[in-house]
Amino acid sequence: SAGLAEFERRLRDAEGVLSDLKPFIASGMLDWGGGCSELLQAEMREHGYLSNLLIVDAAGTALCSALPAPEGVTYNDRKWFRSAQSAGQFSVGEFVVGRVSGAPTLLTGMPSARPGGDMVYLHAGVLITWIPEFFARRNLTDGTVVRVVEESTGLLMSRWPDPALWVGKSLSDDKSGLAARVPAVAEPLLSGEAVAQDGTPL
């Protein structure tokens with residue numbers, strides 16, 4: 001469906017952004033101070049669908065971030081970090097309301113080697129705030145409800161209409177008739193199909 005295709009496109013774009021950062025790390029010339037943050041900030045300005053870009057060490061401690069990282073915060077509890085570490089490749093983690101950005105976000109990660117072989121982990125948060133507007137433009141049948149659900153937790157990643165009332169809440173709390181549902185995030189990308197009440201693919 002068009003909605004899932006757009007989701008996949010944005011995730012693939014995020015993978016491309018992280019891949020483009022790996023040569024800077026492999027070169028050993030990346031300044032982990034202000035220069036690194038400035039590089040990540042420039043990438044975020046170019047890719048407006050990102051909520052944050054971040055590089056952490058093997059313990060999950062932030063080395064640099066496009067957005068200021070709260071002092072003392074580590075990321076080794078995040079699924080994106082654990083998945084990238086175990087899979088050794090780009091991985092899609094969980095849905096959250098971003099710890100730093102405050103925005104509903106799908107978290108992704110990718111490993112990268114420093115000179116000498118030490119690993120760091122790149123992170124891109126992919127905003128999902130675009131979903132309600134996307135479906136609002138599709139002239140769906142009156143009464144249609146579109147819900148994007150993370151299957152592992154049952155949390156609503158997005159909902160149309162009334163996204164602000166539902167993001168981050170449990171699917172079980174939403175008693176409206178299920179008109180359309182985008183099955184959740186699967187690794188490495190999304191799967192499933194959403195269909196409106198009149199049978200129109202979403």
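## A salt bridge to start with

Arg9 and Asp13 form a salt bridge, with their closest N and O atoms 2.9 Å apart. The two residues sit four positions apart in helix 1 (residues 2-26), so about one helical turn separates them. Keep in mind as you look around that this is a predicted model.

How accessible are the two partners? Arg9 is partly exposed, at 41% relative accessibility. Asp13 is partly exposed too, with a relative accessible area of 29%.

## The second pair in helix 1

Helix 1 holds another pairing: the side chains of Arg12 and Glu15 meet in a salt bridge, at 2.8 Å from N to O. Arg12 and Glu15 are three residues apart, again about one turn of the helix. Arg12 is partly exposed, with a relative accessible area of 42%, and Glu15 counts as partly exposed at 21%. That last value is worth a second look, because the cut-off for buried is under 20%.

Side chains of opposite charge can pair when their charged atoms come close. With a limit of 4 Å between the side-chain nitrogen and the carboxyl oxygen, the count for the model comes to two salt bridges.

## The chain as a whole

Stepping back, the protein chain has five helices and eight strands. In sequence order they follow the pattern α-α-β-β-α-β-β-β-α-β-β-α-β. The chain has 202 residues, and 47% of them are buried.

What share of the contacts with a separation of 6 or more joins residues 24 or more positions apart? The share is 54%. On the outside, the chain exposes about 9200 Å², and carbon and sulfur atoms supply 50% of that area.

## Helix 2 and its two faces

Helix 2 (residues 34-46) is a good place to check the geometry by hand. At 1.5 Å a residue, its 13 residues should span 18 Å, and its end C-alpha atoms are 19 Å apart, which agrees. The expected figure is 18 Å because the rise is multiplied by one less than the number of residues.

Which residues of helix 2 are buried? They are Cys36, Ser37, Leu39, Leu40, Glu43 and Met44. These residues cover an arc of only 155 degrees around the axis, so they lie on the same side of helix 2. The face turned away from that buried side carries the exposed residues Glu38, Arg45 and Glu46. If you colour the helix by residue type, note that Glu43 is among the buried residues, whereas Glu38 and Glu46 are among the exposed ones.

## Helix 3 and its neighbours

In helix 3 (residues 79-87), the buried residues are Trp80, Phe81, Ser83 and Ala84. They pack against four strands: strand 1 (50-57), strand 3 (91-97), strand 4 (104-113) and strand 5 (119-127). After helix 3 comes Gly88, which has a positive phi, near 70 degrees.

## Gly60, a buried loop residue

Gly60 lies in the loop between strand 1 and strand 2 (62-65). Is Gly60 buried or exposed? At 0% relative accessibility, Gly60 counts as buried.

What does Gly60 touch, leaving aside residues up to four places away in sequence? Its contacts are Thr74, Tyr75, Asn76 and Phe81. Phe81 is one of the buried residues of helix 3, so this contact links the loop to the helix described above. The C-alpha atoms of Gly60 and Arg82 are separated by 9.4 Å, although the two residues are 22 positions apart along the chain.

Terms used. Residues numbered from 1 in each chain as written. Predicted model: local features only at pLDDT ≥ 70, side-chain atom pairs only at ≥ 80, totals over all residues. Heavy atoms only, no water. Buried < 20%, exposed > 50% of the residue type's maximum accessible area, 1.4 Å probe, protein only. Contact = heavy atoms within 4.5 Å. Areas by Shrake-Rupley, 256 points an atom, 1.4 Å probe, with all protein chains shown as cover. Arc of directions from axis to C-beta.
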